[in-house]
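Let us walk through this model together, one region at a time. Please keep the sequence and the structure side by side as you read.

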Amino acid sequence: MNVRDSEAVGAMLEAAGHIRAEGEADADIIIVNSCTVRQKAEEKAIGKCGNLNALKDRPRIVGLMGCAVKRLGADVFKKLPKLDFAVGPRRFGMIPKIISDLQEAGYPLERKGAQRLEIPDEDEVPDGLDAHPDAPAKDSAEAFRSYVTILLGCDNRCSYCIVPDVRGHEYSRPAKEVVAEVSSLASRGVKEVCLLGQSVLRYGVRNRAWFDGDGESSYAESFPRLLEALEKVDGLERIRFTSAHPKGCTDELVRVFRESRKVCRHLHLPVQSGSDRILAEMGRRYTRAEYLAAVRKLREFDPEFALTTDVIVGYPGETEADFEETRSLMEEAGFDNAFIFKYSPRPGTRSAALPDDVPTAEKERRDQVLLADQEKRGLKRNQMLVGTVREVLVEGPSLRNKVRWSGRDSGNRIVVFEPSGPLEIGSLVQVRITEAHPQILVGELA
Ligand code: 5AD
Ligand code: SF4
């Protein structure tokens, strides 16, 4: 979501006449986008801003945007006395105006007037949600792949999570707007979109997204209906979305997965824990059995269906037995990939009131155990695909070995292959898989 917000701000600044700098060193304006979901992420963004402010090589405007600004409020200027402006996540559309105001006030040579702070309300809808770079370089990923924000904020209030406090209430953008944005992207060559929302399957649940006289779409209908509308967009080849919640894995969603040619067979379905006791404490609103039922539903119709997840280790009171439940759930679900996070208490969340009682070393050990399990599991899942032919969206020469090219299959798996002739970035090719590794598949053009 932050990558997408940064991109939108970049596009708005270009539209306002600014030019993209080659790199940090020659930039007159630098804006750092921040995340506060874990303490470490916030420290990184603040640290980065501090370093930029310390750079005296040239006068420049330095700003901070994103979730950390909303959390810190005016205190952000205590941490960063030289910061020129700070903008919370749902007000990033004001950045071009803030910069022109600052420039008028003599910034960065002469800093007249106060630092600027903009904190959005819970329900604010930012301008520029649909801003995309005008003409990305033909050989860049942005030329054929785009993120599209469809849902802002989150109303779930999981006990450990600061997102609802900093990103505000859930708001679904009107379906008409989303379809128009995707159509416009497709008409300039975008082949793949990834629809974004903290809990994307809740699209159209808190507020209406469809205004065509059918009344409010139900939970089961609103998001699948959006997928079906986007399926009809000419030129678009692939539709992805993230993140999901098991409650949204309805029969209707599975039907769309089955019938659609464009909707990719991958779901990022954060589980967080495999222990019913911890899940209840987290306020996740599903049990282990309900989560596994959603997994079964998806894998029954397609055993190759790719599932990835997020897990938190070391939640307050997580015992060895709870942890073993997480291990066994991950094995049962057969995840293709998993992101493991060490619990980090966030101010103002419900769990921050509980003692953070799993020692750091133990969190580290649990993290390593899950990563090692996942390495083996990822390899096993990928070995199942040796001999199959995957449709791959070509991304360009592989980073490690330029002779090879890479792309992704429908399940978002990285596929590496040797091109036999000239290949176009953004094209679809068929690759027969010959080798499996824990994180990548290797194959040859079929
Ligand atoms: N501590 C550790 N991990 C967290 N996440 C969210 N909040 C916290 C926290 N306080 C993780 C969850 C979420 C992912 C984006 O970040 O796993 O799915
Ligand atoms: Fe945070 Fe839970 Fe919302 Fe995800 S669903 S953003 S973990 S509150």
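Helices (H or I, at least four residues) and strands (E, at least two) are DSSP runs, numbered from the N terminus. With that in hand, we can place Glu 435: this residue sits in strand β16. The model is a predicted one, in which local features need pLDDT of at least 70 and side-chain atom pairs count only at pLDDT 80 or more, while totals for chains, interfaces and linings use all residues. Residues are numbered from 1 along each chain as its sequence is written, chains are lettered from A and ligands numbered from 1 in the order in which they are written, and side-chain values use heavy atoms, with hydrogens and water left out.

Let us stay with Glu 435 for a moment. Buried means under 20% relative accessible area, exposed over 50%, and partly exposed in between (1.4 Å probe, protein chains only). Glu 435 counts as partly exposed because its relative accessibility is 36%. Leaving aside residues up to four places away in sequence, Glu 435 touches Val 386, Leu 441 and Val 442, where contact means heavy atoms within 4.5 Å. For a sense of distance, look across to Ala 68: it is 367 residues from Glu 435 along the chain, and the two C-alpha atoms are separated by 43 Å.

Strand β16 belongs to a barrel, so which strands build it, and in what order? The barrel is closed and has five strands, running β13-β14-β15-β17-β16 with mixed pairing. On average, neighbouring strands of this sheet are turned by 50° against each other, direction ignored. Two strands pair if DSSP finds at least two bridges between them, and angles run from 0 to 180 degrees between N-to-C directions, with axes as lines fitted to C-alpha atoms, for helices over the stretch in contact. Strand β13 (residues 389-397) meets strand β14 (residues 405-408) in the antiparallel sense over four bridges. Along this pair, Val 394 stands opposite Gly 407, and Pro 397 stands opposite Trp 405. Strand β13 also runs antiparallel to β16, joined by five bridges, with Arg 390 opposite Val 431.

Next comes helix α13 (residues 360-383). The expected span of a helix is 1.5 Å times one less than its number of residues. For the 24 residues of α13 this gives 34 Å, and the end C-alpha atoms are 35 Å apart, which agrees. Among the buried residues of α13 are Glu 362, Arg 366, Val 369, Leu 370, Asp 373, Arg 377 and Arg 381. An α-helix has 3.6 residues a turn, so residues three or four places apart point the same way. The cover over the buried residues of α13 includes the barrel strands β16 (428-436) and β17 (440-445), along with α11 (288-301), β11 (306-313), α12 (320-333) and β12 (337-342).

Now turn to an earlier part of the chain. Strand β2 (residues 61-66) is mostly covered, with six of its six residues buried. Six bridges join β2 to strand β1 (residues 29-34) in parallel, and Asn 33 has Met 65 as its bridge partner. Strand β2 also runs parallel to strand β3 (residues 85-87), over three bridges, where Leu 64 stands opposite Ala 86. In the loop between α4 (76-79) and β3 you will find Asp 84. Is Asp 84 buried or exposed? At 1% relative accessibility, Asp 84 counts as buried. Its contacts, not counting residues up to four places away in sequence, include Arg 60, Ile 61 and Val 62, as well as Arg 111 and Arg 116.

Another sheet is open, with three strands in the order β5-β8-β9 and parallel pairing. Strands β5 (145-149) and β9 (238-242) stand at the edges with a single partner strand each, so one side of each lacks a neighbour in the sheet. Neighbouring strands here are turned by 25° against each other on average, direction ignored. Strand β8 (residues 192-196) pairs with β9 over five bridges, among them Val 193 with Ile 239. Four of the five residues of β9 are buried. Helix α7 (residues 175-187) lies across β5 and β8, at about 165° to β5.
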